[in-house]
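Colleague: I'm new to reading structures, and I'd like a close look at one part. Please take me through the charged network and what sits around it, step by step.

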Amino acid sequence: MAPSLAPRQQPGDARGVFDLAVIGGGINGCGIARDAVGRGASVVLFEQNDLASGTSSTSTKLIHGGLRYLEHYEFRLVREALMEREVLWGMAPHIVWPLRFVLPHHSGLRPGWLLRLGLLLYDNLGGRKRLPGTRTLDLTRDPAGEPLKPGFRRAFEYSDCWVEDSRLVVLNARDAAERGAVIRTRTRVVTVARTDGLWEITAEDRETGARDTVRARTLVNAAGPWVANVLTGVARANSTEGVRLVQGSHIVVRRLFQHDRAYIFQNADQRIIFAIPYERDFTLIGTTDRDYTGDPADVKASEEEIAYLCAAASEYFREPVTRDEVVWTYSGVRPLYDDGASKAQEATRDYVLTLDAPEGQPAMLSVFGGKITTYRRLAESALDRLKDHLPAAAKAPWTSGAVLPGGNFPKESYDDVVAGLARQHPGIPETLVARLVRAYGTDAREILSGARSLADLGRLFGADLTEREVRHLMRREWASRAEDVLWRRSKLGLRVTPAEAEALDAFMRRAAAASDAA
């Protein structure tokens, strides 16, 4: 069911031609669509599955500079990412917030002076204003030392940010739609061809099998792990650009420590992992880095990766992390630009934009690599590359400081928003209010409007998921399946039973059918 704010109309000029078509509903595609429509372009975006159903929902959920990238001398990437932390925090303070990271000094690995030097650069390389700087911890006295083995006596603590990654994607799509973009989820692009000076795009609705044709003046290929498939298969372009698929897996276990800081652990193989407080009652551990050669749609955490993450975390925690403690795993494929690096963890995380624009023909821009932290800057760079082919792209960038839906409150006032809504709805559990504000920001008012008790929010599907919230997600955020709600719009899948998930899916299908028939 398409949201009311984004009907599948055909805007554009009198001939129904869009200025820009985007293939891919991940963070890069949605970010580019939002930026372009905000500059006055008519935009249509196609996503073959749900928004953020690929790489963009399987990250480590961090808005960070990438401390380890300094070792690979990627100073431009790190600086750009560091500068974006507080920009994104201000744009979406409900889904982005500061997080302190504890880096224990391991006497057998990187020396303390090297860690201090790296963190000195990290603190001063890019635009830190409100985030606190690095400090040294005595782990024999600080609570951060309590869950660790006694051999770890010193650590460094620094700042980065956390993000609800799949919600960041959806909110960019929502903002784009509210500005006039057409967002078509579960719609696969079958073919694209240059015809009469335009792109002719044939798309198939994966629900009904119906096909239609859309025309656009420019095309962006932001298909993530499928970028090369679109480039050489769907578009049949001659290209020597390569994509390196790198798998990153994560495990989730019951909460391992009581404080609200995260850990970054060094490993003997020079890789690092994070252990992060997650969804109140859990700890997220990840990630891995290894080359991937299969279908990106089939990626999942292997037993080898799960064992690796358990062993790596157990090197630091007093209590070993074992396989039977793992309650959930997820895995994604990063579509990195193939720069010839010998190891997966050394491949650049920087983005590369390639432009295919033969004389007198419509242009196609393909997006390789990138990281969620720099998606907004990537979008600006993409439009800059297209400015000779897309007139609206020549207009001034505008997204820095432009808040995403629900983010119109001061970035350090989340608690105040929760307290205000809780006072207005005393019959609603404050824990539910807090979760709704964390997910929807000020849009939580729409979900709670008029509710005096939990019963006013309709059917309860498990955990604290109510019918009012589900209908909001179907109407406003393109959700049409239980997994969209439970694993991307939220992580309530960690708390509901399989039977509850099945009942939710059945309800959503019936609701969608009733809406389509109306």
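**A charged network and its surroundings**

Modeller: Let's start with the network itself: salt bridges link D50, R167, R186, E207, E477, R481, E483, D484, R488 and R489. Keep in mind that what you're looking at is a predicted model. As for the general idea, side chains of opposite charge can pair when their charged atoms come close. Over the whole structure, a search turns up 53 salt bridges.

Now find helix 12 on your screen, residues 482-489. Some of the network lives there: E483, D484, R488 and R489 belong to the network, and their numbers fall inside the span of helix 12. How much of this helix is covered? Mostly: six of its eight residues are buried. Those are A482, D484, V485, L486, R488 and R489. So look at D484, R488 and R489 again, because a residue counts as buried when its relative accessible area is under 20%. These three are on the buried list of helix 12, and they are members of the network too.

What does the covering? The cover over the buried residues of helix 12 includes helix 4, helix 11 (467-476) and helix 13 (498-517). Let's visit these neighbours and see how they pack. As a bit of background, two packed helices are described by the angle between their axes and the distance between the axes.

Take helix 11 and helix 13 to begin with. Their axes are 11 Å apart, and the helices pack at an angle of about 55 degrees. That angle is why helix 11 is called oblique to helix 13. Their crossing is right-handed. On the helix 11 side, E467, V470, R471 and M474 make the contact, while helix 13 brings in L504, F507, M508, A511 and A512. Sorted by class, the residues of this contact are seven nonpolar, no polar and two charged. Do you see a rhythm in those numbers? An α-helix has 3.6 residues a turn, so residues three or four places apart point the same way. With that in mind, go back to V470 and M474 in helix 11, or L504 and M508 in helix 13, which are all part of the contact.

Helix 4 is the other neighbour, and helix 4 spans residues 165-178. R167 from the network has a number inside that span. Besides helping to cover helix 12, helix 4 packs against helix 1 (residues 27-38) at an angle of about 25 degrees, with the two axes 8 Å apart. So helix 1 comes out roughly parallel to helix 4. This crossing is left-handed. Here I27, C30, G31, A33, R34 and V37 of helix 1 meet L168, V169, N172, A173, D175 and A176 of helix 4. The class count is eight nonpolar, two polar and two charged residues.

Back to charges, with a few single pairs to set beside the network. One salt bridge joins the side chains of D160 and R85, 3.0 Å from N to O. This pair links distant parts of the chain: D160 sits in strand 6 (residues 154-163) and R85 in helix 2 (residues 75-91), 75 residues apart. Both D160 and R85 are buried.

Another salt bridge brings together R261 and D142, with 2.7 Å between N and O. R261 is in the loop between strand 11 (243-254) and strand 12 (262-266), and D142 is in the loop between strand 5 (135-138) and strand 6, so the pair ties together parts that are 119 residues apart in sequence. Are these two buried or exposed? R261 has a relative accessible area of 10%, so it counts as buried. D142 is buried as well, at 14%.

Finally, try D384 and K387, whose side chains meet in a salt bridge at 3.4 Å, N to O. D384 has a relative accessibility of 41%, so it counts as partly exposed. K387 is partly exposed too, with a relative accessible area of 41%. Set that beside D484, R488 and R489, the buried residues in helix 12 where we began.

Methods: Residues are numbered from 1 along each chain as its sequence is written. This is a predicted model: local features need pLDDT of at least 70, side-chain atom pairs count only at pLDDT 80 or more; totals for chains, interfaces and linings use all residues. Side-chain values use heavy atoms; hydrogens and water are left out. A salt bridge is a side-chain nitrogen of Lys or Arg within 4 Å of a carboxyl oxygen of Asp or Glu. Helices (H or I, at least four residues) and strands (E, at least two) are DSSP runs, numbered from the N terminus. Buried means under 20% relative accessible area, exposed over 50%, partly exposed in between (1.4 Å probe, protein chains only). Axes are lines fitted to C-alpha atoms, for helices over the stretch in contact, and angles run from 0 to 180 degrees between N-to-C directions. Angles under 35 degrees count as roughly parallel, over 145 as roughly antiparallel, 65 to 115 as roughly perpendicular and the rest as oblique. A crossing is left-handed if the near helix is turned anticlockwise from the far one by less than a right angle, and right-handed if clockwise. Contact means heavy atoms within 4.5 Å. Ala, Val, Leu, Ile, Met, Phe, Trp, Tyr, Cys and Pro count as nonpolar, Asp, Glu, Lys and Arg as charged, and the others, Gly among them, as polar.
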